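Hello,

Here is the structure I promised to pass on to you. Have a look at it first, and then read my notes below.

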Amino acid sequence: FELNSSKISQDGDEDFLILKYQMDKLGYVLNGYIYTLTGFQVHHPFNNFLISREGNLKWNGTDSNGIKLPVGNYILLIEAFNETDEIIKKKIAFGITGIF
């Protein structure tokens, strides 16, 4: 799992956070959670997505109510699991910049 960029903005340049993934096999279900640096969960943009072996998922920088998050630093927590109870977890830091 990796991000296309470590920032998201709304200036027409990087309007979405894009998560790229490549799995070793099929059958993984993915969850993604957005947290502030103080540990407060602000959104769950990827909710039980059955993912293919590789692809991209994108998020537009809004919270659970569709409101744009303020400028700052955040953590994307990724959890992927499959039917044989294999679990992959990864934390990725990113920032929201500009007029957002």
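**Strand pairings and two loops**

In β8, Ala93 is the residue that stands opposite Ile75. Please keep in mind as you read that this is a predicted model.

Let me stay with that pair of strands for a moment. β7 and β8 (residues 87–96) run antiparallel and are joined by 10 bridges. Another facing pair there is Tyr74 and Phe94, the latter in β8. As a general point, side chains in a regular strand alternate between the two faces of the sheet.

The two strands make a hairpin, with five residues between β7 and β8. Asp85 is found in that loop. Its phi is near 65°, a positive value in a residue other than glycine. Is Asp85 buried or exposed? Asp85 counts as exposed because its relative accessibility is 66%, and the cut-off for exposed is over 50%.

Asn48 also has a positive phi, of about 55°, although Asn48 is not a glycine. This residue lies in strand β5. With a relative accessibility of 47%, Asn48 is therefore classed as partly exposed.

Now to the other pairing of β7. Strand β7 (residues 72–81) also pairs with strand β4 (residues 29–36), in the antiparallel sense and over eight bridges. Here Leu30 stands opposite Ala80 of β7.

How do these strands fit into the sheet as a whole? The sheet is open and has five strands, in the order β2-β8-β7-β4-β5, with mixed pairing. At its edges are β2 (7–8) and β5 (41–50), each of which pairs on one side only.

The residue I would most like to show you is Asp63, found in the loop between β6 (54–59) and β7. Which side chain of opposite charge is nearest to Asp63? That is Lys68, but Lys68 is 12 Å away, and Asp63 has no salt bridge although Asp63 is buried. What the side chain of Asp63 does reach is the backbone nitrogen of Asn65, at 2.8 Å. If you leave aside the neighbours within four places in sequence, Asp63 is in contact with Val42, His43 and Leu69.

That is what I have for now. Happy browsing, and best wishes!

Conventions. Residues are numbered from 1 along each chain as its sequence is written. This is a predicted model: local features need pLDDT of at least 70, side-chain atom pairs count only at pLDDT 80 or more; totals for chains, interfaces and linings use all residues. Side-chain values use heavy atoms; hydrogens and water are left out. Two strands pair if DSSP finds at least two bridges between them. Helices (H or I, at least four residues) and strands (E, at least two) are DSSP runs, numbered from the N terminus. Buried means under 20% relative accessible area, exposed over 50%, partly exposed in between (1.4 Å probe, protein chains only). Lys and Arg count as positive and Asp and Glu as negative; His and the chain ends are not counted. A salt bridge is a side-chain nitrogen of Lys or Arg within 4 Å of a carboxyl oxygen of Asp or Glu. A polar contact is a pair of N or O atoms within 3.5 Å; within protein, one must be able to donate a hydrogen and the other to accept it, and residues adjacent in sequence count only if both atoms are side-chain atoms. Contact means heavy atoms within 4.5 Å.
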